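Student: I should like to work through this model, beginning with its backbone and then turning to the contact between its chains. May we proceed by question and answer?

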Amino acid sequence: MNPLLPALVAALLPLVGSILVWLVPSWSRALAVVTAAGVLVAALGVVNRVALDGAAMMTLGGWPETLGIGIAVDGVGALFLLASAVVGLAATAYGAGYFPARHPFWTLWLLLWAALNAVFITADAFNAYVALELAGLTAAVLVTLGGERDAMAAGLRYLLVSLVGATLYLAGVAVAYTATGTLSLNALMADSPPMMAGVLALGGLALKAALFPLHGWLPPAHARAPGPVSAILSALVVKAALYLAWRWLEVAPVAAEAFILLGIGAVIWGSLQALRVGRLKAIIAWSTVAQMGYLAVGLALAVEGAAGAAMGVAWLALTHALAKGAAFLGAASVVRAAGHDRWPLAAAHLRNRPVLVLAFGLAAASLAGLPPSGGFVAKWYLLDAAMGAERWLLAAVIAGGGLLSAAYLYRILHPALDPRPGAEASHPVPPVLEWSALGLALLVTAFGVVVPWARDLVGVAA
Amino acid sequence: MTAAIFLFLGLFLAVLGGLTTFLRSDGLHRIISLNIAGSGVFLALMAAPGGEEGVDPVAQALVLTGIVVAVAISGVALVLLARLAELGGRS
């Protein structure tokens, strides 16, 4: 069987689901959970087929490549798809206990999910643009669902940034097309279009991936969004832009050095801000800025051919998605119990919840890169790649960044482990909210063990 | 010759709109200037490829999709701006 069939299912199933949810709103929660289970099965199918049969690519409808919609999966794409499916399932389960059935969240989220999965399987620079814009538009509206003034302002800013990033990316695609006459990402890699195209496209993608110093929109948008939406945005939506940036860095490898410099800036600045801010969700959002820096450094090393860097960055993208999903889902439960997320004031609502504390602890271990966790393995590979390429300064930043993340994560865990009794929740927190966060955290710890299998998978190139 | 004029006009609009977006903090100004910058980019993209012998239909399709996306995003942005104004305070 062809791996492209389950890949198409993973992208089209949420699209069908979002239409059904819109038509039959009273069934939305059941429909969304069934869709999420289906997407997970499809993503596991893609991983399985790619591991057994290798990468695949085709053009839908038999049209020639510039007109037809090209789709492709390789080992890296399969891992991104897996991250999307797992975090998506957890967020859907969480949402079922958080949002009522008749809520715009359901249609918007399934539409966003379809767009994200489409980005991960596309082989065409222009279809990637359409999918990315669909994701940006739905994500910005999801940010505003809470209805508070701050959320509206953050959503508006996110939307305008999205528009700027989109226009830059489109300009890059158009320059590349004019010069080479193709929109296929693989063909562009071979034809090496003018540097201008790569700079424009990568600039737009860096803006959408919140790469330092273009990260200003991310902390308010991710911190003000409603609970499960924050998890989806931080775990998956920035990863879609990152995934495309990887493809475009292969088209324009000259930009790799710039990504390394910006990545170093992001690791330091994001971690320092996470140490300073006084709200739980803001700490986690700034941590995303820092982790995107790691990923940018890893991408650049992988494109420059440092041994092991591709494995490191693919594994970091997957484990960061799971750990950040767990952290934001946990934070959403704290916000629900406390009614706010001022820190460490709200920590009293974390104390008598051992399931949540365990979820935070495991997610923090992976984010800081402590063994045994998926994050440890990913950072080990990145460190090894940096030292293998004899970039000692970079190795120092990767190791020191881990120390900084341990410091800001300690700010979350320390008040939670205070022996004094916890506070009574102002709103009930159903068990599914706590267990979906713990599920992701347990999985990211398990991903510290299944590495040899994954290393073979990342080696499956297009 | 016409292509060169359009290319220059497009880039001029793009820079003008981009600068205004940075200099103004008011929401409506930003949305309008972003649209002007976007139109400039589209104009430049239309002028650049074909030169004198006409325009490539695929490039036209790219720009058309870009316009649709820009209109959709501007529409949602205006709704959000109106909602912000209802809630009061500075945007």
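**Backbone and interface**

Tutor: The model is a predicted one. In chain A, Pro213(A) lies in the loop between helix H8 (195-208) and helix H9 (218-224).

Student: Which residue precedes Pro213(A) across a cis peptide bond?

Tutor: Most peptide bonds are trans. The bond leading into Pro213(A) is instead cis, with omega near 0°. The residue on its other side is Phe212(A).

Student: Is Ala210(A) buried or exposed?

Tutor: Ala210(A) is also found in the loop between H8 and H9 of chain A. Its phi is positive, near 60°, although the residue is not glycine. The cut-off for a buried residue is under 20% relative accessible area. Because its relative accessibility is 0%, Ala210(A) counts as buried.

Student: Is Glu390(A) buried or exposed?

Tutor: Glu390(A) belongs to the loop between H16 and helix H17 (392-416) of chain A, and its phi is likewise positive, near 55°. A residue counts as exposed over 50% relative accessible area. Since the relative accessibility of Glu390(A) is 59%, the residue counts as exposed.

Student: What is omega for the peptide bond between Pro371(A) and Pro372(A)?

Tutor: Pro372(A) lies in the loop between helix H15 (354-368) and helix H16 (374-388) of chain A. The bond that joins Pro371(A) to Pro372(A) is cis. Its omega is about -5°.

Student: How much area is buried between chain B and chain A?

Tutor: The contact draws on 31 residues of chain B and 26 residues of chain A. Carbon and sulfur atoms give 85% of the buried area. That area is about 2,400 Å².

Student: Which three residues supply more than any other three of the area that chain B buries against chain A?

Tutor: Together, the three supply 27% of the area that chain B buries against chain A. They are Leu62(B), Ile73(B) and Leu80(B).

Student: How many salt bridges does the rule find across this interface of chain B and chain A?

Tutor: For polar contacts, the rule finds zero residue pairs across the interface, counting pairs with both residues at pLDDT 80 or more. For salt bridges between chain B and chain A, the number found is zero.

Student: Which helix gives the most to the side of chain B that touches chain A?

Tutor: Helix H2 (27-47) and helix H3 (57-87) of chain B each supply at least two residues of that side. The residues of this side divide into 20 nonpolar, seven polar and four charged. With 18 residues, the helix that gives the most is H3(B).

Note on methods:
Residues are numbered from 1 along each chain as its sequence is written. Chains are lettered from A and ligands numbered from 1 in the order in which they are written. This is a predicted model: local features need pLDDT of at least 70, side-chain atom pairs count only at pLDDT 80 or more; totals for chains, interfaces and linings use all residues. Side-chain values use heavy atoms; hydrogens and water are left out. Contact means heavy atoms within 4.5 Å. Buried area is the accessible area (1.4 Å probe) that two parts lose on being put together, summed over both. A salt bridge is a side-chain nitrogen of Lys or Arg within 4 Å of a carboxyl oxygen of Asp or Glu. A polar contact is a pair of N or O atoms within 3.5 Å; within protein, one must be able to donate a hydrogen and the other to accept it, and residues adjacent in sequence count only if both atoms are side-chain atoms. Helices (H or I, at least four residues) and strands (E, at least two) are DSSP runs, numbered from the N terminus. Ala, Val, Leu, Ile, Met, Phe, Trp, Tyr, Cys and Pro count as nonpolar, Asp, Glu, Lys and Arg as charged, and the others, Gly among them, as polar. Buried means under 20% relative accessible area, exposed over 50%, partly exposed in between (1.4 Å probe, protein chains only).
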